[in-house]
Structure formats: C-alpha cells, structure tokens
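Please open the structure in your viewer and keep the selection tool at hand. The stops below say what to select and what is found there.

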Amino acid sequence: MTDTRGPQPQYEGYATGPLPGEREPAAGPAGPYHPPQAYPSPSGGTQGGQQRGGTQGGAQATRLPRTGARTTPRTRKARLRVAKADPWSVMKVSFLLSIALGICTVVAAAVLWMVMDAMGVFETVGGTISEATGSNESNGFDLQSFLSLPRVLIFTSVIAVIDVVLATALATLGAFIYNLSAGFVGGVELTLAEDE
C-alpha cells in the first residue's frame with residue numbers, strides 16, 4: 001500500500017526537538033520546587049505554613065503556630081428524638097409527683113388555716129354571718145365550728161387523693177397518645193449541648 005498524501009509539513013519544535021527523556025536538565029539552584037506566587041510574601045514570613053530558609057537554599061524550619069487559632073473549646077451538640085415514652089415509667093413518675101403535690105396541698109391548707117385563725121379572720125367573719133342569719137330563737141350560722149381545722153384537713157385530703165388518681169391516669173393516657181402520634185410524625189426532636 002502506498003502513501004498518496006504527499007509530503008507532510010514538519011512542525012517546529014515538535015518533530016525536530018528531543019523527546020522528554022532525552023532533554024537536558026535545566027541549570028539552576030538545587031532544592032525543592034516553589035511555584036511562583038501571585039503576591040510577594042513578607043520578608044521572613046511563612047509560605048504554606050513553612051518558613052523558607054534564607055541562607056541554606058530552601059531548607060525548611062519548624063512549623064510556627066497560627067496566631068488566629070481558636071482558643072475557646074467548641075460546644076458539642078447532639079440532636080436527638082424522643083421516639084417513645086414508656087407508659088409504665090410515666091405512670092410511676094406521675095404517681096409519685098402527684099403524691100408529693102397532694103402532701104404539699106394538705107400542708108399549705110393547714111398553714112393557711114392557722115395563719116387566718118391567728119389573725120382572727122374566722123371570728124370576725126363568723127360574727128358578721130351570725131348577726132346576719134340570726135333570729136330570736138337561734139344565734140345563726142356558726143362559721144368557726146363549720147370551718148374547724150380537722151374538717152378543713154379532711155376536705156383537703158379528699159381533694160388531694162382525687163388529684164393523685166386523676167393526674168396519674170391523665171399522664172398515662174398522655175403517654176399512650178404521644179406514642180401513637182410519634183409513630184406518625186417521628187416524635188419530639190431535642191438538641192442537647194455539652195456543658196463545658
């Protein structure tokens with residue numbers, strides 16, 4: 001088969017020049033290669049975190065610490081999701097909390113009654129009610145005997161027991177409802193941060 005294209009033009013520097021393995025190394029100072037910089041570095045400064053040696057022909061010195069480094073510790077944060085609330089544990093915790101609230105209610109009612117009795121509130125109000133409701137045959141309604149301390153404590157204790165039962169039942173029912181809603185929407189997301 002013969003070549004019918006005729007003579008082809010020779011490109012300068014392409015076919016006539018030496019191959020890459022045959023080229024002579026360029027004359028210059030021995031040392032690591034440093035690419036040209038767009039902006040001149042200050043005298044005695046650092047380049048790329050390393051300092052150039054001026055008299056040793058590119059010898060590297062020790063790495064200097066950055067002046068703008070952050071010294072404050074970072075606060076780690078974790079984003080968690082409450083996927084399920086155990087109804088049994090919610091019932092136990094709500095039962096104990098409602099018992100504590102009931103005891104506080106009874107104690108507060110007893111202290112309030114003692115303070116009002118020491119101030120003479122029951123005598124003053126009871127005398128006014130007795131005069132308003134009294135007649136010739138009877139002395140009227142006796143407020144001080146109706147609102148005695150044992151009767152007030154019994155009434156407050158009954159309210160505290162009802163509160164314990166209702167609060168425990170409502171908290172347990174709320175745990176069941178939360179579990180059902182968390183199955184649809186994924187639950188409540190919390191972001192927790194580490195305190196340092």
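Begin by selecting Gly 102, which is found in helix α1, where helices (H or I, at least four residues) and strands (E, at least two) are DSSP runs, numbered from the N terminus. Gly 102 counts as buried at 6% relative accessibility, and the terms used on this tour are buried for under 20% relative accessible area, exposed for over 50%, and partly exposed for what lies in between (1.4 Å probe, protein chains only). If you add Val 158 to the selection, you have a residue 56 positions away along the chain from Gly 102, with 9.6 Å between the two C-alpha atoms.

Before going further, please note that this is a predicted model, in which local features need pLDDT of at least 70 and side-chain atom pairs count only at pLDDT 80 or more, while totals for chains, interfaces and linings use all residues. Residues are numbered from 1 along each chain as its sequence is written, and side-chain values use heavy atoms, with hydrogens and water left out.

Now colour the chain by secondary structure, which shows four helices and four strands, running β-β-β-α-α-α-α-β from the N terminus on. Of the 196 residues in the chain, 12% are buried.

Return to helix α1 and select Ile 103, which has its place in this helix, residues 87–118. Is Ile 103 buried or exposed? With a relative accessible area of 53%, Ile 103 is exposed. Extend the selection to Phe 95, Leu 96, Ile 99, Val 107, Val 111, Val 115 and Met 119, which together with Ile 103 form a nonpolar patch on the surface with about 750 Å² of accessible area. Patches of this kind are made of residues with over 30% relative accessible area and no salt bridge, with nonpolar side chains (Val, Leu, Ile, Met, Phe, Trp, Tyr) joined within 5 Å and like charges within 9 Å; accessible areas come from the Shrake-Rupley method with a 1.4 Å probe, and for residues only the protein chains shown count as cover.

Still in helix α1, select Ser 94, which counts as buried at 12% relative accessibility. The side chain of Ser 94 reaches the backbone oxygen of Met 91 at 3.0 Å.

Move on to helix α2, residues 121–133, whose 13 residues reach 18 Å from the first C-alpha to the last, close to the 18 Å expected at 1.5 Å a residue. Select its buried residues, Phe 122, Gly 126 and Ser 130. They cover an arc of only 55° around the axis, which puts them on the same side of α2, the arc being that of the directions from the helix axis to the C-beta atoms. On the other side of α2 you can select Thr 124, Thr 128, Glu 131 and Ala 132, which are exposed.

The last stop concerns salt bridges, of which a search of the whole structure finds two; the term stands for a side-chain nitrogen of Lys or Arg within 4 Å of a carboxyl oxygen of Asp or Glu. Select Glu 194 and Arg 76, whose side chains meet in a salt bridge at 2.6 Å, N to O. This pair links distant parts of the chain, 118 residues apart, with Glu 194 in the segment after β4 (188–193) and Arg 76 in the loop between β2 (50–51) and β3 (77–82). Glu 194 is partly exposed at 32% relative accessible area, whereas Arg 76 is exposed at 58%.

Finally, select Arg 79 and Glu 189, which form a salt bridge with their closest N and O atoms 2.7 Å apart. Arg 79 lies in strand β3 and Glu 189 in strand β4, so the pair ties together parts that are 110 residues apart in sequence.

How values were computed. The expected span of a helix is 1.5 Å times one less than its number of residues. A polar contact is a pair of N or O atoms within 3.5 Å; within protein, one must be able to donate a hydrogen and the other to accept it, and residues adjacent in sequence count only if both atoms are side-chain atoms.
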